[in-house]
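Trainee: Could you walk me through this structure and the terms used for it? I would like to see how each label is earned.

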Amino acid sequence: MIIVVKPDASEAQVKEIIDHLESHGLTAHISKGSERLIIGVIGDKSRLSADSLEVLPAVEKLVPIMESYKLASKAFCPEGSSFDVGGVIIGGNELVMMAGPCAVESEEQVDEVAAKIKTCGAKFLRGGAYKPRTSPYAFQGLEREGLKILRKVADRYKLKVISEITSENDIEFAADYLDMIQIGARNAQNFRLLSAVGKSGIPVLLKRGIAETIDEWLGSAEYIMSEGNYKIALCERGIRTFETATRSTLDISAVPVLKGKTHLPVIVDPSHAAGKAAYVSPLSLASIAAGADGLIIEVHPNPKSAMSDAAQQLKPEEYQKLTNEIRAMAVILGRTYPE
Ligand code: PEP
Ligand code: MN
C-alpha cells in the first residue's frame, strides 16, 4: 500500500502517520517528490485497518499496490527518481556514460581507456575485478588488486568507479574503492547478495538476469530498496532468446516498459547484449532514442588482446565516434550531454 500525504500536511501530522504504522509493526518508506510526499508501507498489513489510517488528518488517499514490488513501483515516485553518486546525477536530464574494459588487466590498460573516455564525457570508469566467468578455467579477474587499480586511475581523471561484486563478503573491502556496485546478470536473483548491497547503502547498477522478466527484475530491485537503499539504476543487458546472431537479444522495449512501471533510472549495456563490437553503436543510439538515461559500454585499448569479451569491446576511437553521435542525438531529444 502507498499513502499519498496531503500537500499542506505538517511535519507533526506526517510523524503521526509513521508512528501509527510503526505501532502496528510496519515500516514507512518515504518518497519526497517536488509536490507530494508519498509513504510506502512495508510489512504485514493484516492487523491494520485502512479506516484507522484514513481518519488521520494528513492522509489524502490510500493506493493499494497489486504488484509484488512497491517501493520500485512508479506510484511511489510518479515523477521518476534520480540520485547523486559523488556529484554525478543518475536519472536526471543529463545522459550518464559509463565506460571501460570488460576486465581490469593492468594499470596501463585502464589508464589508456580512462584518459580517452574522460575526453568523451564519460563520468564512470567501469572494469571487472571479480569476473563471473562461465568456465572456472577462464580468467577470473584481479579481484582486490583490480579494485585498487580502478580507484587509482579514476582519481587521476576525476571519474567515478563502478565494478561488479559477486559476493556479500567482498562488499566491505570494495566500499573503500568503488562508488557504485554492479550486480551482474548472473546474480540478479541472488537475493542474499541483493539484501546485503541494500544494507550497504552503496549506489547499485542492477543488471537484468539473463532470463528475468521485467516484473521479476523489479522484484530484485525491491530486495535492495526494502533495506532502505533507493540509489538503484536498472541495466538492460540483453536476454536469452532463440536468436544466436547476437550474444543476447537487447530488449529495447524494456526501456519504455520500465519507464511506465518504475521510477528508477534505466541504463543500457549494448556490449554484453550484442557480443560484437559492430553492433554496439547502433544499439546504443537506439537505447538513447528509446529513453534510456545512460549507457555502460566496454572499451579496451586493444580489444583483440583482451582477456575477456574480446569481440565486443570498442577501440577508444570507436567509442569517441559513438559518443559524438550520442551528443548530437541528445539535442534532438531535449537531453543534455556532459561537456
Ligand atoms: C559485465 O558487465 O562485466 C558483465 C559480466 O555483464 P553481465 O553481468 O551483464 O553479463
Ligand atoms: Mn564483459
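Trainee: What makes strands β1 and β3 a pair, and how do they run?

Mentor: Two strands pair if DSSP finds at least two bridges between them. Three bridges join β1 (residues 2–5) to β3, and the strands run antiparallel. V4 stands opposite I38 in β3. Before we go on: this is a predicted model, where local features need pLDDT of at least 70, side-chain atom pairs count only at pLDDT 80 or more, and totals for chains, interfaces and linings use all residues. Residues are numbered from 1 along each chain as its sequence is written, ligands are numbered from 1 in the order in which they are written, and side-chain values use heavy atoms, with hydrogens and water left out.

Trainee: Which strand pairs with β3 over six bridges?

Mentor: That is β2 (residues 27–32), again in the antiparallel sense. H29 stands opposite G40 in β3, and a hairpin of four residues joins β2 to β3.

Trainee: Why is β3 called largely enclosed?

Mentor: Buried means under 20% relative accessible area, exposed over 50%, and partly exposed in between, with a 1.4 Å probe and protein chains only. Five of the six residues of β3 (residues 37–42) are buried, so the rest of the structure largely encloses this strand.

Trainee: What makes C102, H272, E298 and D309 donors of the manganese ion (ligand 2)?

Mentor: Donors are N, O and S atoms within 2.8 Å of the metal (3.2 Å for Na, K and Ca); water is not among the atoms, so sites may look incomplete. Here SG of C102, NE2 of H272, OE of E298 and OD of D309 lie 2.0 to 2.4 Å from the manganese ion, so they qualify.

Methods: Helices (H or I, at least four residues) and strands (E, at least two) are DSSP runs, numbered from the N terminus.
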